[in-house]
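User: I'm new to reading protein models, and I'd like to learn how to make sense of a few features. Can we walk through one together?

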Amino acid sequence: MVIPAKDEARRIAATVRSARAIPHVDLVLVVDDGSEDNTQHVAREAGAVVVRHSHNRGKAAAMETGAAVVAMRDAPDRPPRLLLFIDGDLGDTAVNTAPLVPPVLERSADFSIALLPPQPGAGGRGIVVGAARRAIAAMTGWTPTQPLSGMRCLTREAFEAATPLARGWGVETGMTIDLLRQGFVAVEVPCDLRHRPSGTDLKGQLHRAAQYRDVQLAVNARRVRRAAGAVRSTVNPGPRPPRTHR
């Protein structure tokens, strides 16, 4: 399990302790992404393995760091661990991400996405979610319910196929598009989770504006990539014959 976290000293201990109770989870790794509080120390005292970025590099970089550290800890004679990503502010509800694991462990899906219940205090109007949902549907044919959900379980193969990850708040949208277009199978799983929602104040509005910007950047990058691929297919319709060496 990988928990990207920044300035989560108040919630990270409860999140780590709860996450350690998830069946099949034998490693809880917190990536402290340049926190200015005691996140790393609190997480370590709660039983997590902790790695730290010296400065804030963003969620995508924290996810990539976490996946790399998990790979280093995989036993060479065993299959790679699944990667379960959760947010650091889930607190005692982190254990409720457990239903994400079985579909991937049993290989009925390559990655699973948590469906959260309505969050008390959430102030968004669904603009960013709607934009991400429409973009994913247009580019893949699959319409997710909660495209921005950050609680996900993936096979190692799926994670590597999604890298490099989209930056900022576009990471989930970019990952979903990239994996579905490569033929990986997704499933959404209801999970009874509670996290700190963004409200209707200025801070919440700025957060949603940044989300919208990053989602659009991720989507546009993939549209450009798809268009470039179509051009290459037109110019080079088939593989070249192998060269003959004399």
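User: Let's start with Q211: is Q211 buried or exposed?

Analyst: Keep in mind that this is a predicted model. The general idea is to look at relative accessible area, where under 20% means buried. Q211 has a relative accessible area of 15%, so Q211 is buried.

User: Where is Q211 placed, and which residues is Q211 in contact with, leaving aside neighbours within four places in sequence?

Analyst: Q211 sits in helix 8, which covers residues 202-235. Once you set aside those sequence neighbours, the contacts of Q211 are V128, L148 and W169.

User: Okay, now strands. Which residues of strand 1 are on each side?

Analyst: For a strand, check the two faces separately. In strand 1 (residues 2-5), V2 and P4 lie on one side, with I3 and A5 on the other. All four are buried, and that leaves both faces covered.

User: In what sense do strand 1 and strand 2 pair, and over how many bridges?

Analyst: Strand 1 pairs with strand 2 (residues 29-33) in the parallel sense, over four bridges. As for I3, its bridge partner in strand 2 is V30. Between these strands the chain passes through helix 1 (residues 12-19), making a right-handed β-α-β crossover.

User: Last one: how many disulfides are there?

Analyst: The test is whether two cysteine sulfur atoms lie within 2.5 Å of each other. Here the count is zero disulfides. You can still read burial for the cysteines: C153 is buried at 1% relative accessible area, and C191 counts as buried at 3%.

Technical notes:
Residues are numbered from 1 along each chain as its sequence is written. This is a predicted model: local features need pLDDT of at least 70, side-chain atom pairs count only at pLDDT 80 or more; totals for chains, interfaces and linings use all residues. Side-chain values use heavy atoms; hydrogens and water are left out. Buried means under 20% relative accessible area, exposed over 50%, partly exposed in between (1.4 Å probe, protein chains only). Contact means heavy atoms within 4.5 Å. Two strands pair if DSSP finds at least two bridges between them. A crossover is right-handed if, with the strands pointing away from the viewer, the path from the first strand over the helix to the second runs clockwise.
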